[in-house]
Amino acid sequence: MSGTILIGNFWGDEGKGRVIDYYSKDADYVIRTGSGCNAGHTIIVNGEKFVTRLIPSGILHDKVKCVLAQGMVIDPFVLIQEIEYFKQNFTLSERLLISCDAHLVLPYHKEIDIAREEKASNKIGTTKNGIGPAYEDKVGRRGIRFKDLFDRDKLVLKIESNLQYWNLSHINSNDLVNSLVNIFNELKEYITDNIPEIINQALDNGENVLFEGAQGTLLDIDHGTYPYVTSSSAIAGGACTGVGVGPTKIDQVIGIFKAYTTRVGEGPFPTEIAGSIADHLKSVGREFGSVTGRPRRVGWLSIPDLKYSCMVNGVSKLAITKLDVLSGLDTLLICIEQNLKSKTHRLDYLTFKGWTEDISKVRKFDDLPQAAKEYLDFIQSKLKIPFEIISVGPDRNDLIHI
Ligand code: IMP
Ligand code: MG
């Protein structure tokens, strides 16, 4: 396994959490490389549901070390809650490493995000977690990092200057600094200044390092459906910059996508559907945001989007999730061609036969219903990238490893 990047092929919510959980059992390190608590990864273990937002999904495996790398923007108030939540069941000491260079998402970033979203004219449909404004501060070179928490006086000056920049005179900088200092006392045991050295050393020693992607390729700031994207790099290349690891250290990239497609928030979604099939996908697939609870838009799989997404990530293996959600549909469609530049935005679909069997207990490809095999074989034939994982149910063990 060694250096493995796991990414989402579409607009997030591809079921990355459960796939990462599967690979984590053999991992030494699992790293979140970018974004923040806009992510929400769900893992169900023996019927018990765990949702991670900032802490990598590897936390559920005792021997794995979990890293929040410098590419992230971290809301320390959310992080503290998450640490308390996981501490109830897992040991975190010596297992959780937070880069001192990661940026902070502060309450005013959230306030700005929410205020912008409320102005209907430029709505992106963000998760309202302050992610965009925090990255704006980072790129504007006025961001506040975990390392700034070590010096109270400098922290006060930076926060005051940022409040002035954003025109937020109603916020009391002293109160904010006090609450950050309190939080810092609880977080400081985890803050680390040598993440690149630790991870490069681990890779050189042949240890297994998983880079846990968040969001998805089509939400990537450079390669997604701009401006309806998140503010960070969600593709495989972003994993390298987010941690400080060269591309030559990466052995494989796993592309994760659902057997159908979803999107939350605004923006183009050419294969989106409404009606009874959409209702089936939404209810059987429990298509509600794990962080925001928002209903997700749903649609058919698009081969052109999938091909594009595998290309920009250099995907070497595929993991398809939620195949079981398609059980019970008479016919299935796959978009095989889309020409978004033509006046008519023409889409061509192929129709496939559905299946009715409950497939959640299937553990071998050959035991899947014939129609399901044909659906998967078609995708495989178009992409020419092998499947490694087919997930057939919500629980940790409901998957086929090929
Ligand atoms: P932001 O990342 O909160 O700024 O939101 C920007 C866009 O990315 C919106 O369309 C969000 O719905 C979407 N988004 C951000 N994070 C996730 C995620 O983890 N899953 C799905 N969509 C996301
Ligand atoms: Mg999610």
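**Cysteines, magnesium site and nonpolar cores**

In this predicted model, Cys100 is buried, its relative accessible area being 7%. A search covering the whole structure returns zero disulfides. Cys37 accordingly takes part in none, the nearest cysteine sulfur being that of Cys66 at a distance of 17 Å, and Cys37 is itself buried, with a relative accessible area of 1%. Cys100 is likewise in no disulfide, and the cysteine sulfur nearest to it, again that of Cys66, is 19 Å away. Because a disulfide requires two cysteine sulfur atoms within 2.5 Å, neither separation, 17 Å for Cys37 or 19 Å for Cys100, meets the criterion.

The magnesium ion (ligand 2) has as its protein donors Asp13, through OD, and Gly40, through O, at 2.4 to 2.5 Å. Asp13 is located in the loop between β1 (3-8) and α1 (16-24), and Gly40 in the loop between β2 (29-32) and β3 (41-45), so that the pair ties together parts lying 27 residues apart in sequence. Of these donors, Asp13 is partly exposed, at 23% relative accessibility, whereas Gly40 is buried, at 14% relative accessible area.

The largest nonpolar core comprises 63 residues, among which Ile199, Phe211, Leu323, Leu326, Tyr375 and Ile379 touch the most other members. Helix α11 (residues 370-383) supplies the largest share of this core, with seven residues. A second, separate core contains 59 residues, including Leu6, Val30, Ile55 and Leu210. When neighbours within four places in sequence are set aside, the contacts of Phe211 include Gly3, Thr4, Ile5, Leu6, Ile31 and Thr33, together with Ile199, Leu203, Ala239, Val243, Val245 and Ile250.

Technical notes. Residues are numbered from 1 along each chain as its sequence is written. Chains are lettered from A and ligands numbered from 1 in the order in which they are written. This is a predicted model: local features need pLDDT of at least 70, side-chain atom pairs count only at pLDDT 80 or more; totals for chains, interfaces and linings use all residues. Side-chain values use heavy atoms; hydrogens and water are left out. A nonpolar core is a set of buried Ala, Val, Leu, Ile, Met, Phe, Trp, Tyr and Cys residues joined through side-chain atoms within 4.5 Å. Buried means under 20% relative accessible area, exposed over 50%, partly exposed in between (1.4 Å probe, protein chains only). Helices (H or I, at least four residues) and strands (E, at least two) are DSSP runs, numbered from the N terminus. Contact means heavy atoms within 4.5 Å. Donors are N, O and S atoms within 2.8 Å of the metal (3.2 Å for Na, K and Ca); water is not among the atoms, so sites may look incomplete.
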